[in-house]
Amino acid sequence: MNQTGSQEVLIVDDDPDAFMLLALALEEAGGCRATVAENAREALQAMYQVDQPFGGIFLDVLMPETTGLELCSVIRSIPGYDDVPVIMVSAMKDRRFVMEAFAAGASDYITKPFQISDVCVRFLRATKDRPERAHCLEGIAARGAPANEPVKSPDEAILLDDVERAVSRDAFHSYLLHAKARLKIPMHVRAVRIADFLRVYSDTPGQELAQALLSVARMLSGLTRDSGDMVTYFGNGVFVTCSTTGSSIGAPSLKSMIEEAGMPSTDPHDKRQFDLIVGLDIPLEPDTHADVFDVLNRAIDSANPHDAA
């Protein structure tokens, strides 16, 4: 049965047996028409030769020269591919690879060996999720605006370029969804909020604010290095982190360390510092009915002035 509407898909894998198996399976089970490429160069050539963007892309993680992770980042920068499902396919099961895949913009991560029916179902799910993803990407992209550009609105989710373990807001959502549904591992989510952010936004030039937000992100990344927290910026002065073990330091200790390190002032002539509000560590258990977005909202709400620990 053609469940995916005769989608044109691109498969990139340097193993001919692997990509031919996947191509045949998608064509027979899902009604997809597959184009195959053995490396990043061939993939990009195929993308620029088609009149319309591919409806989905499957990438092997480990390929020579340009890896699937690197290629995924490139694909997300090409016009028309912001919301196209990109599914990573790999034998690598280490959490680090999964995290890096979502950080690069992957929609899903499938480990080899895989069941063909599972691949088709997950591609169909990613395709159905595309309108919602596209809505999130309207205006200020969920993947964020570059941090070297001025912040243009309070809710802008800037990209945290060159910050260790930092990902876009969109990738953060995808990673949590994948961790709960596929990895079956407990996650811990925490929010850190810049107090009175609307005033900070109003009083601070956009470029200076973008650099200050980057400084906060670098500090949070550094302070949570031991627990390997993934870090993102949600906009409105809110940073969110997640880890599999809970942050390596509790909320009171984290707040103390942030204050000791000294937050950057938004004005080089002003010695005042940001007041950061550290929220609670909210668990996301894989075997419960807890919704990812509900957990995120609880974490963010706990970083409100009257609720924070």
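What follows is a working chat about one predicted model.

Q: Let's start in the sheet: how many residues of strand β4 are buried?
A: In this predicted model, five of the five residues of β4, which spans residues 86–90, are buried, and the strand is mostly covered.

Q: And which residues lie on each side of β4?
A: Val 86, Met 88 and Ser 90 are on one side, Ile 87 and Val 89 are on the other, and all of them are buried, so that both faces of the strand are covered.

Q: What does β4 pair with, and in which sense, on the β3 side?
A: β3 and β4 run parallel and pair over four bridges, with Asp 60 standing opposite Val 89 of β4.

Q: What about β5, how many bridges there?
A: β4 is joined to β5, residues 108–111, by four bridges, and these two strands are parallel; in this pairing Met 88 stands opposite Tyr 109 of β5.

Q: Which helices go with these strands in β-α-β units, and what is the hand?
A: Helix α3, residues 68–76, lies between β3 and β4 in a right-handed β-α-β unit, and β4, α4 and β5 make a right-handed unit as well.

Q: Switching to voids: how many cavities of 30 Å³ or more are there?
A: The structure holds one such cavity, and the volume of the largest cavity is about 60 Å³.

Q: Which elements give two or more residues to its lining?
A: Those elements are β1 (8–12), α1 (16–30) and β3 (56–60). The lining residues include Ile 11, Val 12, Phe 58 and Leu 59, and also Asp 60 and Val 89, the two residues that stand opposite each other in the pairing with β4.

Q: What is the make-up of that lining by class?
A: Nine of the lining residues are nonpolar, three are charged and none is polar; Asp 13, Asp 60 and Lys 112 are the charged ones.

Q: How much space is in the second largest pocket, and what is closest to its centre?
A: That pocket has about 360 Å³ of space. It is lined by 17 residues, and the closest to its centre are Glu 100, Ala 103, Ala 104, Ala 166 and Val 167.

Q: Which helix gives the largest share of that lining, and what classes are present?
A: Helix α4, residues 95–103, gives the largest share with five residues, while the lining as a whole has eight nonpolar, seven charged and two polar residues.

Q: Any odd backbone angles, say what is phi at Glu 65?
A: Glu 65 has a positive phi of about 65° although it is not a glycine, and its place is in the loop between β3 and α3. With a relative accessible area of 80%, Glu 65 counts as exposed because that value is over 50%.

Q: And Asn 236, where is it and is it buried or partly exposed?
A: Asn 236 is in the loop between β7 (230–235) and β8 (238–243), where its phi is near 55°, again a positive value in a residue other than glycine. Its relative accessible area is 37%, so it is partly exposed.

Q: Last bits: how many disulfides, and how buried are Cys 32 and Cys 242?
A: The count of disulfides comes to zero. Cys 32 is buried at 2% relative accessibility, and Cys 242 is buried at 1%.

Q: Where does Val 119 sit, and how far is it from Ala 25?
A: Val 119 is in helix α5, residues 116–128, and is buried, with a relative accessible area of 2%. Val 119 and Ala 25 are 94 residues apart in sequence but 9.0 Å apart in space, C-alpha to C-alpha.

Terms used. Residues numbered from 1 in each chain as written. Predicted model: local features only at pLDDT ≥ 70, side-chain atom pairs only at ≥ 80, totals over all residues. Heavy atoms only, no water. Disulfide = S-S within 2.5 Å. Buried < 20%, exposed > 50% of the residue type's maximum accessible area, 1.4 Å probe, protein only. 1 Å grid on protein atoms, 1.4 Å probe; cavity = no way out; pocket = protein on both sides within 12 Å on 5 of 7 lines; lining within 4 Å. Points joined across faces, edges and corners; volume = space filled by probe spheres on them. Pairing = 2+ DSSP bridges. Right-handed = clockwise from strand over helix to strand, strands pointing away.
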